[in-house]
Amino acid sequence: MGMGDPYVPADHLSPSSIVEKYILDGGDNVIKFANGNNVSLSLALESQTRDRDSARIHTTTISDYKGDVRALRGRFLAVQGDLIAFRFFNENTGDVIRIINRVSRNRRLIKGFSKAPVDLRFATHLPLLAVVDGESNLHVYSVAADCQDVETYMTIMNWPGGTSDSTPRVVWCPYVAENPSDPSDIVNMVALFKKNTVYVVNLSILKERGSRVTYEEALAVEEAILSVEVEEEVTAVCISPDSTAVAIARADGVVSFYVMNSNESELKFAHTWNPQMNRPIVELFFLDGARQKNQEQFWRHCLVVAEGGRRLALFECEDWRCLGRVRFESSVEIATFSVHVDPQARYAHILDIDGSNVFCVELEYADHPRFAGITQVTFSHPIVAVVPYEVDTEEKHDSSVDYSLDDEFDGDRNRNEVLAHYIAIGHRSLLQLDVHLELAEQHKPLSDAMPALKTGGEAEGDERGNEGPSDLLTVAPPAAANSTTPIDYEKLMEQLREMSDKIEQLSVRVERADSERRSAATNEHILSQLQCFKEEFSLREDRLLANVSDLIETNHRETINVVRNALNENSVAVENSIQANHKLSADAVSHRVTERLRESLTTMVVPAIERICAQLFKQLNDNFRHGLDQYLQQMRALQTATLAAVAATATPAPSLSVGADRQALAHMIKTNQIPLAFETALNQGDQTALEFVCNNVDPDEIFRYPGTLSQPVLLSLLQQLSLRLDSDTDLKFRYMEHIVDVLQPHDDDIGVMVPKVIEGLMQSLTEFYNLTANPQLKRQARVLNQLVRNLRKI
């Protein structure tokens, strides 16, 4: 890395007019700017391929991932303390976000997005992760410090213009509490912007309404969402640490400032500032360190980034005075740079993805910040994203990477270094980078370093030399012998000897530093080779597994084909053999079967048929006799029923008095001889006697136990009750319902008389239905008639 001479115009020697030109040639030495007001950095073309990373880097692999991040649009890496969130695409899971704790290696996976995420960022004051997907839906997650749990803090869906082609972006408010000791003084605020619209969302207010709302529901909450629409496309947004103002950078290079007023749904315009970058502003950083909690004033200085990260400018925010500019130049077209500022605002970290470089521009603070120097950190492997999460500003006496290989370690160099920590993403790994950066020393003013500027008119024979250590140590000899005393000359010689000793010591230190650097480079080369071996072994393992899988699949298919062909051949041979054997044995088997069949018919079938015939004739005779007996019994039952019907129509000649009949029936009922009482009343043919028994016997009780009354008694009782329905109608209907329910029309004893009795009962019910005026009895008669019809169909 070389340092060029500052360009000083002949007609102006003001430091602000000095154009400092330097060349970045891939070396890892720090370039210290003379004043940092106007710096031009030229990127040299490297002639050789890099075989190792810079000696300043110590690389640790945090995790490997299977996916691709190179094709993703938008930001895909965010860091907050020990928490790391990065998104990638995997063919099996789609677009996912992995959160991992850098120390404990605990990890969580967020997936299931309806649209692919396009931006993600951590808050600076709390472990809250904001994610925006392609439809502008805002998802905020609360992450535990040890990454043991991830919860949904807030989701806002259905934003206006969610399907537009522009990529939405999100930024957090780096909130600093007015009273740090008050735990309730917390404001969680984000800004979502796309195209020419900016939405400022107060998540602390919306959280009281739940964890999932739509944009319309959130807009109805007072002071929850403030918005503004500008004329040009928005390129960058910053919220002040006290959550009262918003700075919006536009594509025309102008920055507009807005303030947040209570009870208003829109941001209120304050003023406009033009940094005169002549190009769209891509990033805007206000150099208020998020970890400095006792600042007297916010937004004192800002860093403006333009032209794809290749132009940087420092401004003082009181009167917007430019404090310094840095620009990167190249003879070939260079890609867009990614610019980050660490939380302490000590460096501007610029990632050159195509060139595999990180440029660390130091910001030195006195009365105002200035560009103090730049260090080029080179990589031999691709780096697609990098985020600084901490810069150790204390003096480092025990570096995590020991560059010394002997006991006489140079402590001066260690005290002049800081340790910058990064999280980076390679093509397959998540990395932690610890980079040792040398502080750029404060240069003295030009008037102190060079007491007199020699011009062509001062001395005719003087030549203008190049600036360097030899020039600074050059002392002009005395002009005349009597111009200086011998004592002064001796003192001067003594000072020269002391300076010569210091130069020798400096040379020794330089040699020792070179030796240490070579040793460290050797160690780094070994680590790099081991890392390459690891990646190569991983790739070879994947290829070996793929080859083994292909070989197994091929052998499997070939084995199946061989077995299938063998089975087909064997089945054909077996089938042919069976057919041949069957044809040979068919005739012999047929002859033997015929002989055996004839013998079986003669010895077994014919005697069996004779025995079966004898048994059939015997069974037929027995069935005929049994049927004849049943027929005679039915005739006798028919005769008995006919006699009972005739007796019912005639007036019986009473052998005893009516009172004696009632007493006998009551005694039977009292002694639980209910079947006998019913048979006696039916045999007497007296309707009043039958009604007496029915009135003294509960039909529900007698029919509770089936078989209490025989089928002939039930049929005769049904017939007698149907003869006169004009008295005790309800009681008779109850008896009829129970009788119809238990009557068996196909019983051998009553089967012949059932149709005649049913026909008479239906006729009586029809006549009663037509004559009676009681609706209740009509309904019972109709229901009973339907039951009798069903009995008739059985």
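In strand β16, the residue that bridges to K194 is T197. This bridge belongs to the pairing of strand β15 (residues 189-194) with strand β16 (residues 197-202), which run in the antiparallel sense and share 6 bridges. Keep in mind as you look around that this is a predicted model.

Now let us widen the view to the neighbours of β15 and β16. Both strands sit in an open sheet of 4 strands, ordered β14-β15-β16-β18, and the pairing is antiparallel. The edges are taken by β14 (169-172) and β18 (225-229); each has a single partner strand, so one side of each has no neighbour in the sheet. On average, neighbouring strands here are turned by 20° against each other, with direction ignored. It helps to know what holds such an arrangement together: strands of a sheet pair through backbone hydrogen bonds, either parallel or antiparallel.

Can we find both kinds of pairing here? Start with strand β12 (residues 138-143) and strand β13 (residues 150-157), which pair in the antiparallel sense over 6 bridges. V143 has V150 in β13 as its bridge partner. Together β12 and β13 make a hairpin, with 6 residues between the two strands. In the turn of this hairpin, C147 has a positive phi of about 60°. In which sense does β13 pair with strand β17 (residues 212-214)? Here the pairing is parallel, over 3 bridges. You can locate this pairing by finding M157, which stands opposite T214 in β17.

Further along the chain there is another open sheet, made of 4 strands in the order β19-β20-β21-β22, with antiparallel pairing. Its edge strands are β19 (234-239) and β22 (268-273), each of which pairs on one side only. Neighbouring strands of this sheet are turned by 20° against each other on average, again ignoring direction. Inside the sheet, strand β20 (residues 245-250) meets strand β21 (residues 255-259) through 5 bridges in the antiparallel sense. Look for V246 here: opposite this residue, in β21, stands Y258.

Next come the helices. For residues 489-523, an unreviewed UniProt entry lists a "coiled-coil region". In the model, this stretch is 100% helix and 0% strand, and its end C-alpha atoms lie 50 Å apart.

Two helix pairs are worth a visit after that. Two packed helices are described by the angle between their axes and the distance between the axes. Take helix α11 (residues 711-721) and helix α12 (residues 729-742): their axes come within 10 Å and cross at roughly 145°. The crossing is left-handed. On the α11 side, Q711, L714, L717, L718 and L721 make the contact, meeting K732, Y735, M736, I739 and V742 of α12. Sorted by class, these residues are 8 nonpolar, 1 polar and 1 charged.

The second pair is helix α13 (residues 754-771) with helix α14 (residues 775-793), whose axes come within 10 Å and cross at roughly 160°. That angle makes α13 roughly antiparallel to α14. This crossing, too, is left-handed. From α13, the contact includes I758, L761 and M762, while α14 contributes residues including L777, K778 and A781. How many residues of each class take part in the contact of α13 with α14? There are 11 nonpolar, 2 polar and 4 charged residues.

Note on methods: Residues numbered from 1 in each chain as written. Predicted model: local features only at pLDDT ≥ 70, side-chain atom pairs only at ≥ 80, totals over all residues. Heavy atoms only, no water. Axes fitted to C-alpha atoms, helices over the stretch in contact; angles between N-to-C directions. Parallel < 35°, antiparallel > 145°, perpendicular 65-115°, else oblique. Left-handed = near helix turned anticlockwise from the far one by under 90°. Contact = heavy atoms within 4.5 Å. Nonpolar A, V, L, I, M, F, W, Y, C, P; charged D, E, K, R; others polar. Pairing = 2+ DSSP bridges. UniProt positions renumbered as here; feature names shortened; annotations may be inferred.
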